[in-house]
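Trainee: I am new to this structure and would like a close look at a single part of it. Could you take one helix and walk me through how it sits among its surroundings?

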Amino acid sequence: MADEASSSAEVVRLAADLAAERTRSEERLATVMRLRAEIANLRAAAPGPAPAAAPGDGEEQELQEVGIYRYHHPLETAVAYRERLTSLQRRIKDAVRGGGAIEASEMFIFDNSLAKGRKMTADLSKLMLRAYNAEADNCVRALRPSNVAATIRRLDAAARAIERHGSLMEMRVSPAYQALRREEIELTADFVVKQQEERERARDDRRRLREEQRAQKELEAERARLLKEQAHYANALAALEGRGDGEGTSELRRRLAEIAEAIAHNDFRLANIRAGYVYVISNRGSFGPRVVKIGLTRRLEPLDRVRELSGTAVPFPFDVHALFFSDDAVTLEAELHRAFAGTRVNRVNERREFFFATPDEVRTVLTAKVGNLLEFTDEPEALQFNQSRPYWPTTVGPA
């Protein structure tokens with residue numbers, strides 16, 4: 001009987017000791033968690049150095065701010081970018097499925113249980129990854145080529161926030177996964193710019209084709225007119241010669257020779273698609289005194305092209321400084337563009353043929369390319385601009 005009472009007392013004492021030990025363990029765990037939380041808060045509040053920028057980020061941002069885009073991953077076509085993006089998105093999905101997107105400690109203990117701690121870590125990792133991916137997707141949707149650097153900084157800030165909030169579990173976005181999402185932003189911006197570039201090129205090609213077709217029709221119509229005129233003078237010459245009237249034949253022969261020369265020139269232009277007029281024009285009232293446009297036209301009447309450019313899109317008509325006919329106008333135009341490549345106004349779309357240069361500077365280069373220039377106007381007339389300027393407010397307008 002005494003032995004049974006003694007055994008019962010021992011069991012009660014052991015149970016009490018076990019309960020006390022469990023209480024002390026829970027108190028120690030609570031203390032550890034409180035200290036970790038305090039450390040995390042102190043780290044978040046403490047001022048620290050700004051995140052290191054990737055090499056070239058500052059320069060890239062400056063270029064974007066002035067409208068110059070530089071490809072992060074140069075590829076030839078928009079289709080190539082689309083394929084690269086599709087491959088990258090597969091790698092992003094594989095990283096998520098394989099559990100490599102979020103890194104976290106496997107030793108976190110919750111409720112005095114390592115298994116519960118790991119389950120909590122896994123659940124929180126999914127929530128954190130969902131939040132990060134939502135921010136990354138928003139970054140891609142709102143992306144513009146002009147704000148790539150700012151968008152990447154926003155994505156990096158989301159990754160830092162997750163690392164800060166998950167510090168108790170040593171949780172963070174995997175650097176490899178972060179690199180994939182950064183690359184997605186860069187490739188998306190490259191893809192958008194390349195698409196715009198290809199659309200611009202297609203529009204330019206269509207415009208050039210329409211101009212060539214228009215020029216061809218004009219040249220064919222001019223050839224028909226010249227042949228008709230040639231036949232008229234030939235008939236007149238034959239009639240004079242038939243009557244034995246020699247006084248008017250010399251003038252008719254001279255005119256027939258001129259017509260034959262005009263037909264030969266017209267036929268040459270029809271046969272040689274590279275022939276045309278290189279023009280140098282400016283629009284001081286629209287662009288200021290140091291901007292010129294250097295282009296080419298195959299029109300029979302090249303001033304038609306200048307009048308077309310002087311439409312309602314600009315407030316004043318263009319002034320012509322030079323119209324130079326060349327057997328190879330395409331090459332001459334390309335050489336002039338290369339000579340002034342460093343002064344292009346539009347550094348993104350090279351088919352915008354405006355340059356920061358004076359007409360005199362263009363004349364010097366053009367003369368060096370073709371030799372003697374019969375006609376070149378250095379000073380623009382700018383008639384409508386000069387007539388309008390006195391009526392402008394004193395605080396506006398180009399110099």
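Mentor: What follows is a look at helix α11, set first within the whole chain and then beside the cores.

Please keep in mind that this is a predicted model. The protein chain has twelve helices and six strands, and of its 399 residues, 32% count as buried. Among contacts between residues at least 6 apart in sequence, 71% join residues at least 24 apart.

Helix α11 covers residues 359–370, and at 1.5 Å a residue its twelve residues should span 16 Å; the C-alpha atoms at its ends are 16 Å apart, which agrees with that expectation. The buried residues of this helix are P359, V362 and L366, where buried means a relative accessible area under 20%. Seen down the axis of α11, these buried residues fall within an arc of 60°, so they line one face of the helix. As for what covers them, the cover includes the strands β3 (276–282), β4 (291–297) and β5 (319–326), together with helix α10 (329–339). After α11 comes G371, whose phi is positive, near 90°.

To place this helix in the wider picture, it helps to turn to the nonpolar cores. In soluble globular proteins, nonpolar side chains tend to be buried together. The largest nonpolar core here has 32 residues, and those with the most contacts inside it are Y132, V148, V173, Y177, L180 and I185. Helices α3 (78–97), α4 (114–141), α5 (148–165) and α6 (175–243) each supply at least two residues of this core, and the largest share, seven residues, comes from α6. A second, separate core has 16 residues, and among them are V278, V292, I294 and V362; V362 is also one of the buried residues of α11.

For a view of the largest core from one of its own members, take Y177, which, leaving aside residues up to four places away in sequence, touches I92, A95, V96, G100, A101, L129, Y132 and N133. R181, which lies in helix α6, is buried as well, with a relative accessible area of 4%. Its side chain makes a polar contact with the side chain of E184, at 2.8 Å, and, again not counting residues up to four places away in sequence, R181 touches I92, Y132, N133, A136, D137 and L155.

How values were computed. Residues numbered from 1 in each chain as written. Predicted model: local features only at pLDDT ≥ 70, side-chain atom pairs only at ≥ 80, totals over all residues. Heavy atoms only, no water. Helix = DSSP H or I, 4+ residues; strand = E, 2+ residues; numbered from the N terminus. Expected span 1.5 Å × (residues − 1). Buried < 20%, exposed > 50% of the residue type's maximum accessible area, 1.4 Å probe, protein only. Arc of directions from axis to C-beta. Contact = heavy atoms within 4.5 Å. Core = buried A, V, L, I, M, F, W, Y, C linked by side-chain atoms within 4.5 Å. Polar contact = N/O pair within 3.5 Å; in protein donor to acceptor, adjacent residues only side chain to side chain.
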